[in-house]
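Reader: I'd love to walk through this one with you, pocket by pocket and pair by pair. Could you put it on the screen first?

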Amino acid sequence: MREKIDALTQNLARTIVGKNEAVRLVIVALLGGGHALLEDVPGVGKTLLAKSLARSVDGKFQRLQCTPDLLPTDITGTNIWNPKSGEFSFLPGPVFANVLLTDEINRATPRTQSALLEVMEEHQVTVDGVSRSVPQPFFVIATQNPIEYQGTFPLPEAQMDRFMLSLSLGYPSESEELQMLQNLQQGLQVADLQPCITLAEIAELRQLCSKVKVETSLQQYILELVRTTRQDEEITLGVSPRGTVALQKATQALAFILGRDYAIPDDVKFLAPYVLSHRLIPRGGRNSKTIVDRLLRSVAIP
């Protein structure tokens, strides 16, 4: 199974140049049983990373391009009258997939964004009073541009809380951008990627990650970090218990990816800014990642 993780990492590295940390974080979200939100300016590879991951998984992939006129039924599916059978039949929406790319999620209206709340948390869709489970494993990778505000609708706190982690890719270095141009000249495309991991292997990896040992002292450290966010004067809304669970699951996944069957404080410290920052509402326009960094320095390490 370690070889499968290495193969997935190498497959993503074929199209994503120099973003090893971002690739690792997305794999952490996948194996931790959560979802990932990519926030960055246009053109840095958010959609490319999402599509590369989807191509690497041997499962059903659906892409959802969010626009203001998108309706909730365009996501979940709807019942359509069938004149031959004389009854309604369900037409499934794009959420019935293993990997769902929700591109520019903040361009969808709040009504449409809410269609993802149930499926991201409970892995089911309820239409006209009937609940239907989506295929397993189910993984949502969403992108958004946090700089542009025209024609966008900020994600509510409940929606942000559904994502296990949030990350930015950032601009590539000069050598990385040169490598991108050389790859382009060689004709390497996302469509050239071949699946390197099956759905059954992802399910098995998730089970193995959940068995990674987290000592009680490390759990106390996670709790202390989270509970401090609820009492800090610079924070209006702290991290929810869902965030506590997400931090532990992500810590287990990272430890497993790094070849350990136990988690250490460095795993928590590395992941905390990505798991906690987007769940905070800071006061007075303060930067949430700066606040999390300060809390990491103030909370005692076990």
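Author: Happy to, and please keep in mind that this is a predicted model. A good place to begin is a pair of side chains, Asp267 and Arg260, both of which are buried. Their side chains meet in a salt bridge, with an N to O distance of 2.9 Å.

Reader: Nice start! How many salt bridges does the structure hold?

Author: Side chains of opposite charge can pair when their charged atoms come close. Asp267 and Arg260 make one such salt bridge. For the structure, the number of salt bridges is 10.

Reader: Is Asp232 buried or exposed?

Author: Asp232 sits in the loop between helix H10 (216–229) and strand S12 (235–237). Asp232 forms a salt bridge with Arg294, and their closest N and O atoms are 3.0 Å apart. The cut-off for a buried residue is under 20% relative accessible area. Asp232 has 13%, so Asp232 is buried.

Reader: And its partner Arg294: how many residues separate the pair along the chain?

Author: Arg294 lies in helix H13, so this salt bridge links distant parts of the chain. At 29% relative accessibility, Arg294 counts as partly exposed. The separation of Asp232 and Arg294 along the chain is 62 residues.

Reader: Which residue forms a salt bridge with Arg107?

Author: Arg107 counts as buried, at 18% relative accessibility. Its partner counts as partly exposed, at 28%. The closest N and O atoms of the pair are 2.5 Å apart, and the partner is Glu104.

Reader: Now for docking-style curiosity: which residues lie nearest the centre of the largest pocket?

Author: About 550 Å³ of space lies in the largest pocket. Its lining has 12 nonpolar, eight polar and seven charged residues. Of the 27 lining residues, those nearest the centre are Met160, Ser277, His278, Leu280 and Ser288.

Reader: What about closed space: which helix gives the largest share of the lining of the largest cavity?

Author: The search of the whole structure finds one cavity of 30 Å³ or more. Its lining divides into eight nonpolar residues, one polar and one charged; among them are Leu30, Phe138 and Arg206. The largest share, three residues, comes from helix H9.

Reader: Last one, on the surface: which residues form the nonpolar patch with about 310 Å² of accessible area?

Author: One member is found in helix H8 (residues 174–185). That residue, Leu181, is exposed, with a relative accessible area of 54%. The patch is formed by Leu178, Leu181 and Leu184.

Definitions and conventions
Residues numbered from 1 in each chain as written. Predicted model: local features only at pLDDT ≥ 70, side-chain atom pairs only at ≥ 80, totals over all residues. Heavy atoms only, no water. 1 Å grid on protein atoms, 1.4 Å probe; cavity = no way out; pocket = protein on both sides within 12 Å on 5 of 7 lines; lining within 4 Å. Points joined across faces, edges and corners; volume = space filled by probe spheres on them. Helix = DSSP H or I, 4+ residues; strand = E, 2+ residues; numbered from the N terminus. Nonpolar A, V, L, I, M, F, W, Y, C, P; charged D, E, K, R; others polar. Patch = residues over 30% accessible without salt bridge, like charges linked within 9 Å, V, L, I, M, F, W, Y side chains within 5 Å. Areas by Shrake-Rupley, 256 points an atom, 1.4 Å probe, with all protein chains shown as cover. Salt bridge = Lys/Arg side-chain N within 4 Å of Asp/Glu carboxyl O. Buried < 20%, exposed > 50% of the residue type's maximum accessible area, 1.4 Å probe, protein only.
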